Amino acid sequence: MSQSFVSRLEQFLLRVWYDGYKPAIWHRAWLSALEWIYRVVRVVYGHRRKVLNSKAPTTPPVLVIGNLIAGGAGKTPLVMAVCKALTDKGLKVGIVSRGYGRHHNEVMLLVPNEPLPDAKQVGDEPLYLCIHTHCPVAVAAKRAMAVNTLIETHPDLDLIVSDDGLQHHALKRQIEWVVFDSRGQGNGRLLPAGPLREPIDRLGFVDAVIASNTSIDELSLNLGQKPTERWHRVGVKLTGFRHALTGQWLDTEQASVQWPSTSVAAFTGIANPAKFFHSLSGNGIHAKQTIALPDHHDYADDFCKQFSEEVLITTGKDAVKLNPPNTRLWVAEINLELPPKLIDSLEDCIGPTID
């Protein structure tokens, strides 16, 4: 399946799910038929029972940070923030990941301060997370195998965080967080007619609902659910840009002052590229050209050569796949601060280990 076809299909589905686009009647018919099949499969395979059975105390505690929707809602920044908050307190955290987009399936272990494989071997997100959190990361199609690998090699971990995996029921987990952004549940339908991987009542079984860059009131209205004390708002902020080769740093204000007369191109292969482009423009960075690529895009070695612009901007998850980096490339960096109540709720779940 060509990447151009995948990109067109992604854009078509995103318009249907989130933008209110009404496709032709035959498209609506096959989407509804596939949604019905998806519902039947869920019932036949006992998904609700598997949800209940996957929740259990674990040693060390396992925290799954996932989505109910397809298309990404901000899991990775939240994983990074949890790792930072706990490691700053002296705790030891490990990460497990599926490693989407990698070229083989064996279990891989990434260890900070040791030589790291490239993204084609482990996937973009695991490599990005290891580099930026300085935590060990185990990668496997079966996340339970990744957890076992982490425990065998790092038996002193205080917490294991699973980047995604809410629907991976073979993974035993003690804590579940679900992340939504401003798109909420989109059109409210199940895959592929809508973005929902599970019905919205799944929220009744999770430990926290995270509203990322949207208010709790707006999310409550979109989901048709009454918020509880388990709902928390977090803000993901673009903080600046780091030159991919030299490490030079520009905060957003410096960049907006230095680049207004400079031609800029921005590109990304993340699940919600519009969020990235809006963040740039909202901080005074106006790209002459923006390119949205399929999620987990596999970059050619000479990808950046196609651009004539003086400044190229991408995300950290894209940058780890651009080797060697282009001399014009700058990487957007973000920050997420966890609210104290969310940290407190995590402490309540994993025990009194946080001072």
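A disulfide is a pair of cysteine sulfur atoms within 2.5 Å. The model used in these exercises is predicted.

**Exercise 1. Cysteines**

Find how many disulfides the structure holds, and check C130.

*Solution.* Step one: the count of disulfides is 0. Step two: look at C130. The nearest cysteine sulfur belongs to C135 and is 8.2 Å away. The cut-off is 2.5 Å, so C130 is in no disulfide. Step three: check burial. The cut-off for buried is under 20% relative accessible area. C130 has 2% relative accessibility, so C130 counts as buried. C304 has 7%, so C304 counts as buried too.

**Exercise 2. A lysine in a helix**

Place K75 in its helix, then work out why K75 has no salt bridge.

*Solution.* Step one: K75 is found in helix α4, residues 75–87. Step two: K75 is buried. Step three: find the nearest side chain of opposite charge. This is D164, 4.1 Å away. A salt bridge needs a distance within 4 Å, so K75 has none. Step four: look for a polar partner. The side chains of K75 and N67 make a polar contact of 3.2 Å. Step five: list contacts beyond four places in sequence. They are I65, G66, N67, D163 and D164.

**Exercise 3. Two sides of a helix**

Sort residues of α10 into buried and exposed, and find what the buried ones pack against.

*Solution.* Step one: P273, F276, F277 and L280 are buried in α10, residues 273–282. They cover an arc of only 95 degrees around the axis, so they lie on the same side of α10. Step two: H278 and G282, on the other side, are exposed. Step three: the buried residues pack against β9, β11, β12, β13 and β14. Step four: move just past α10. There, G284 takes a positive phi of about 80 degrees.

Conventions
Residues numbered from 1 in each chain as written. Predicted model: local features only at pLDDT ≥ 70, side-chain atom pairs only at ≥ 80, totals over all residues. Heavy atoms only, no water. Helix = DSSP H or I, 4+ residues; strand = E, 2+ residues; numbered from the N terminus. Buried < 20%, exposed > 50% of the residue type's maximum accessible area, 1.4 Å probe, protein only. Lys, Arg positive; Asp, Glu negative; His and termini not counted. Polar contact = N/O pair within 3.5 Å; in protein donor to acceptor, adjacent residues only side chain to side chain. Contact = heavy atoms within 4.5 Å. Arc of directions from axis to C-beta.
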